[in-house]
Number of protein chains: 2
Amino acid sequence: MIDTIFNHRSIRKYKSDPVPEKVLDEILKAGSRASTTGNMQVYSAIVTRDEDLRKQLWEAHFKQDMVLQAPVHLTFCADFRRFTKWCEQRKADPGYDNFLSFFTAAIDALLASQNVVLAAEAHGLGICYLGTATYMADRIVEILDLPEYVVPVACLAVGYPDEEPLLTDRLPMEAIIHQEKYRDFQPEDIDRIYKEREESDETKELLEINKKETLAQIFTDNRYTKKDNLHFSKQFLKTIERQGFMNQ
Amino acid sequence: MIDTIFNHRSIRKYKSDPVPEKVLDEILKAGSRASTTGNMQVYSAIVTRDEDLRKQLWEAHFKQDMVLQAPVHLTFCADFRRFTKWCEQRKADPGYDNFLSFFTAAIDALLASQNVVLAAEAHGLGICYLGTATYMADRIVEILDLPEYVVPVACLAVGYPDEEPLLTDRLPMEAIIHQEKYRDFQPEDIDRIYKEREESDETKELLEINKKETLAQIFTDNRYTKKDNLHFSKQFLKTIERQGFMNQ
């Protein structure tokens with residue numbers, strides 16, 4: 001258990017070997033054992049293996065090759081569709097067309113996805129989360145025919161790894177853990193927390209390639225820019241609204 | 001690994017035994033190994049053990065006794081605070097004050113929380129997610145001094161179990177898994193999916209106690225009502241805005 005967690009690395013190159021049905025069933029079942037609000041299970045997972053559909057998803061996901069390479073693509077959705085239909089069929093008046101319900105359902109979906117990740121890795125599979133899931137939610141809705149009350153929140157490439165990447169570095173634990181209450185960061189805390197990463201050979205190389213003065217600038221100017229964030233933020237909110245979750 | 005996942009149950013009664021420091025450190029470190037967008041680690045976890053603070057949190061969490069009983073309370077937050085400060089200190093212009101960035105950070109926090117849950121359970125600890133985390137986000141912000149760009153998204157009670165609950169039932173897998181694309185539900189699908197749960201002795205008892213005709217009505221009329229959802233939805237959106245994540 002613990003070993004699986006500590007050995008996790010995102011896999012970006014996959015073998016073409018298919019994932020056996022029995023293994024796929026078990027890792028999806030592992031997802032269903034995660035905590036879920038009020039045992040409502042207000043999420044869904046779409047298993048896409050069809051090549052044409054995966055090609056469409058690959059285009060949506062900024063043409064990241066792993067979407068084409070990995071034989072299985074999983075789309076986890078916040079999903080109040082089934083639950084709402086159940087209520088309507090049972091003389092009950094559903095009130096789940098609001099932002100809180102969307103977020104509740106997103107939590108369900110994300111906890112389930114992480115169980116699936118760890119179960120997959122325990123079976124020797126590799127995975128990669130695609131950050132583009134929320135950026136391109138509107139396009140994913142179209143490709144996968146997602147109806148009202150269904151919004152994609154996490155996508156995974158799943159398959160057998162064709163690379164053995166090193167463990168990714170992490171910041172010291174003081175960067176993420178606060179004791180009792182939140183202890184805000186002073187300039188010297190920030191310097192100390194980022195020191196090792198900033199002084200690494202990898203960073204020096206990145207700065208040279210990107211012609212930047214600081215590592216932070218590579219994030220703000222290249223990887224996660226204000227302009228892109230604002231653009232995709234508006235789109236994602238529109239998708240949440242269009243899927244029926246913004247009645248206030 | 002797989003066994004830990006399949007043995008998960010939420011624990012609502014705890015022993016007073018403290019969680020050893022070494023165990024706590026390891027389970028939090030397990031959280032830090034989860035995937036995180038662009039390795040930014042835009043989340044935080046607040047470890048609250050102080051009795052007075054836990055009493056305040058207990059009140060915020062609808063006075064659910066497990067918050068007082070469990071010796072450790074963890075609050076997982078979507079957190080762009082440290083990252084934003086780092087950017088500002090490194091001549092980089094951060095653009096993370098928008099909804100997409102909030103959601104990205106929430107994903108980071110939720111994946112980390114689920115790793116912590118499984119690592120805790122592998123160590124013989126019990127946990128319970130508190131759905132009230134998002135309902136009462138504004139109050140949690142006050143109690144834990146959460147600054148701008150920090151929003152609580154998941155709270156956990158953590159401690160040694162003082163009960164052995166049965167495994168919770170789940171709907172058949174067809175309720176959550178879709179092949180290739182979304183296959184929408186027909187009335188007969190809904191009937192089939194909910195049949196076993198609706199016909200169980202537990203449901204019959206619930207209907208009698210609550211004087212309701214259908215199980216769905218217990219959700220819509222008692223547990224998760226439209227009125228409450230709308231109220232807490234507005235509050236949660238306001239908190240996200242007040243914490244700085246709604247500049248569009």
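# A tour of chains A and B

Select A:Tyr129 first: its bridge partner in β4(A) is A:Leu156. Strands are DSSP runs of E with at least two residues and helices are runs of H or I with at least four, both numbered from the N terminus. This is a predicted model, in which local features need pLDDT of at least 70 and side-chain atom pairs count only at pLDDT 80 or more, while totals for chains, interfaces and linings use all residues. Residues are numbered from 1 along each chain as its sequence is written, and chains are lettered from A and ligands numbered from 1 in the order in which they are written.

**Stop 1: β3 and β4 of chain A**

Stay at this place and add A:Leu130, whose bridge partner in β4(A) is A:Cys155. Now show both strands in full: β3(A) and β4 (residues 150-159) of chain A run antiparallel and are joined by 5 bridges. Two strands pair if DSSP finds at least two bridges between them.

Turn on the side chains of β3(A). A:Gly126, A:Cys128 and A:Leu130 point one way, A:Ile127 and A:Tyr129 point the other way, and all are buried. A residue is buried if 20 or more other C-beta atoms lie within 10 Å of its own, exposed if 12 or fewer, and partly exposed in between, with C-beta atoms placed from the backbone. Since 5 of the 5 residues of β3(A) are buried, this strand is largely enclosed by the rest of the structure.

**Stop 2: the sheet that ends in chain B**

Select the neighbouring strands in turn. They form an open sheet of 5 strands in the order β3(A)-β4(A)-β2(A)-β1(A)-β5(B), with mixed pairing. At its edges are β3 (126-130) of chain A and β5 (177-179) of chain B, each pairing on one side only. Direction ignored, neighbouring strands here are turned by 25 degrees against each other on average.

**Stop 3: the sheet that ends in chain A**

Which strand of chain B does β5 of chain A join? Select β5 (residues 177-179) of chain A together with β1 (residues 43-48) of chain B: the two run parallel and are joined by 3 bridges. A:His178 has B:Ile46 as its bridge partner in β1(B).

Extend the selection to the whole sheet, which is open and has 5 strands in the order β5(A)-β1(B)-β2(B)-β4(B)-β3(B), with mixed pairing. β5 of chain A and β3 (126-130) of chain B stand at the edges, each with a single partner strand, so one side of each is left without a neighbour in the sheet. From one strand to the next the twist averages 25 degrees. At the chain B end, β3(B) pairs with β4 (residues 150-159) of chain B in the antiparallel sense over 5 bridges, and B:Tyr129 has B:Leu156 as its bridge partner in β4(B).

**Stop 4: the chain interface**

Colour by chain. 95 residues of chain A are in contact with 95 residues of chain B, where contact means C-beta atoms, placed from the backbone, within 7 Å. On the chain A side, helix α6 (residues 99-122) of chain A contributes the largest share, 12 residues. That side divides into 49 nonpolar, 29 polar and 17 charged residues. Ala, Val, Leu, Ile, Met, Phe, Trp, Tyr, Cys and Pro count as nonpolar, Asp, Glu, Lys and Arg as charged, and the others, Gly among them, as polar.

Next, select α12 (residues 226-242) of chain A and α6 (residues 99-122) of chain B, whose axes come within 7 Å and cross at roughly 80 degrees. The two helices are therefore roughly perpendicular to each other. Show A:Asn229, A:Phe232, A:Ser233, A:Phe236 and A:Leu237 on α12(A), and B:Phe99, B:Leu100, B:Ser101 and B:Phe103 on α6(B): these residues make the contact. By class they are 6 nonpolar, 3 polar and no charged residues. Axes are lines fitted to C-alpha atoms, for helices over the stretch in contact, with angles from 0 to 180 degrees between N-to-C directions; under 35 degrees counts as roughly parallel, over 145 as roughly antiparallel, 65 to 115 as roughly perpendicular and the rest as oblique.

**Stop 5: two loop residues**

Go to A:Asn39, in the loop between α2 (21-32) and β1 (43-48) of chain A. Its phi is positive, near 50 degrees, in a residue other than glycine. Is A:Asn39 buried or partly exposed? A:Asn39 counts as partly exposed because it has 14 C-beta neighbours inside 10 Å.

In chain B, select B:Phe62, in the loop between α3 (51-60) and α4 (65-69). B:Phe62 is not a glycine, yet has a positive phi of about 55 degrees. With 12 C-beta neighbours inside 10 Å, B:Phe62 counts as exposed.

**Stop 6: chain A as a whole**

Zoom out to chain A, with its 12 helices and 5 strands. Of its 248 residues, 51% count as buried.

Terms used:
Contact = placed C-beta atoms within 7 Å.
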